[in-house]
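Colleague: I would like a close look at one single part of this model. Please begin with the part itself, and then work outwards to whatever lies around it.

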Amino acid sequence: MEVIVAKSAGFCFGVERAVKSAYDEAGRENEKIYTYGPIIHNEQVTNDLAKKGVNIINSLEELESLDSGTVIMRAHGVSKSVYDKISKNVKVVDATCPFVSKIHRIVNEESSKGKHIIIIGNDGHPEVEGIKGWAVGKTFVISSEQDALEFADEMGASLCIVSQTTFNVKKFHKLVEIIEKKGYNSSVVNTICDATSKRQAEAGQLASRVDAMIVVGGVHSSNTQKLYEICKNECSKTYLIQTVDDLQDFMLAGCNVVGITAGASTPNNITEEVQNYVRRKF
Ligand code: F3S
């Protein structure tokens, strides 16, 4: 069996940087270290960090109750109000990915000019919640064609359309097209990050020429889910697995060529384990 691993599989620049910040801070003695939410959607990494004294804070209430220590802000970023709250009581290590910070700046500036903001992304995802929180006026989140078709802004304000960094590139263009047909005065900034565009393009190309495609990543990871969608469109035998333990023999039975890609928060050793297993077993 031929096994092809996507070159872009694995940690993106932003996740790598955030995880490094957490490990750098973990080494400090006599200091309580926290991350606001898991630093990445990967239990092996978060468990390892926990052993090194880096604990996860899951709610704003917990955050507000802190009166000392260091809080690491993960790559997804947070809203302005959360940022201000955190920095009042504790030291902040801001590991927000620069691609996400750029969206915060755009949203803040454009909404300050009176524009309403449309975020093409998944409502409720921490990155999207953070982006919303940098707008000074109205925001809308659009995630599907249905949302785009139903979209209406009664106030008729000018719009600024941005995207969650990990959104599906093709879908973004499709949704923008639907909104633009409604005739609002709108500006569009494609804020899907470079790492995501490359990874998605490569995954789609790979999936189109293999018999089965394996996507390795967390079930809660948005960019992994998008990769799965893209690959599934090209290859019906596409499987999303978290670790090698989820791989079952029937998935690859009868296949000659298998492709493997991984989400931006999947450590390389997990992808390697999958790769080695497939090469050994089939
Ligand atoms: Fe940043 Fe893109 Fe990764 S926004 S965290 S480089 S997926």
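Modeller: What follows takes one strand, then its partners, then a helix beside them. This is a predicted model, in which local features need pLDDT of at least 70 and side-chain atom pairs count only at pLDDT 80 or more, while totals for chains, interfaces and linings use all residues. Residues are numbered from 1 along each chain as its sequence is written, and side-chain values use heavy atoms, with hydrogens and water left out.

The part I have chosen is strand E6, which covers residues 116-120; strands (E, at least two residues) and helices (H or I, at least four) are DSSP runs, numbered from the N terminus. How much of E6 is covered? Five of its five residues are buried, that is, under 20% relative accessible area, where exposed is over 50% and partly exposed lies in between (1.4 Å probe, protein chains only). The covering reaches both faces of the strand, since buried residues are found on one side at His116, Ile118 and Ile120, and on the other side at Ile117 and Ile119.

His116 deserves a moment of its own, as a residue that belongs to E6 and is buried because its relative accessible area is 7%. Once the neighbours within four places in sequence are set aside, the residues in contact with His116 (heavy atoms within 4.5 Å) are Lys138, Phe140, Asp153, Met155, Ala157, Ser158, Leu159 and Cys160. Leu159, named in that list, is also the bridge partner of His116 in strand E8.

From here we can turn to the strands beside E6. E6 runs parallel to E8 (159-163), and the two pair over five bridges; two strands are said to pair if DSSP finds at least two bridges between them. Another of the residue pairs along E6 and E8 is Ile118 with Ile161. E6 also pairs in the parallel sense with strand E7, residues 139-142, this time over four bridges, and there Thr139 in E7 is the bridge partner of Ile117.

What, then, of E8, and how many of its residues are buried? Like E6, which has five of its five residues buried, E8 is mostly covered, with five of five buried. Its side chains can be sorted by direction, for Leu159, Ile161 and Ser163 point one way, whereas Cys160 and Val162 point the other way, and all of them are buried. Beyond this, E8 pairs with strand E9 in the parallel sense over three bridges, and Cys160 of E8 has Ser187 in E9 as its bridge partner.

The last piece of the surroundings is helix H5, which is made of the 15 residues 98-112. Its buried residues are Val100, Ile103, His104, Ile106, Val107, Glu110 and Ser111. Viewed down the axis of H5, these buried residues fall within an arc of 165°, so they line one face of the helix; the arc is that of the directions from the helix axis to the C-beta atoms. What covers the buried residues of H5? The covering includes E6, where we began, together with E8, strand E9 (186-188) and helix H6 (126-132). Just after H5 comes Gly114, which takes a positive phi of about 100°.

Taken together, E6 is a strand with five of five residues buried, paired in the parallel sense with E8 over five bridges and with E7 over four, and it is among the elements that cover the buried residues of H5.

Technical notes: Expected span 1.5 Å × (residues − 1).
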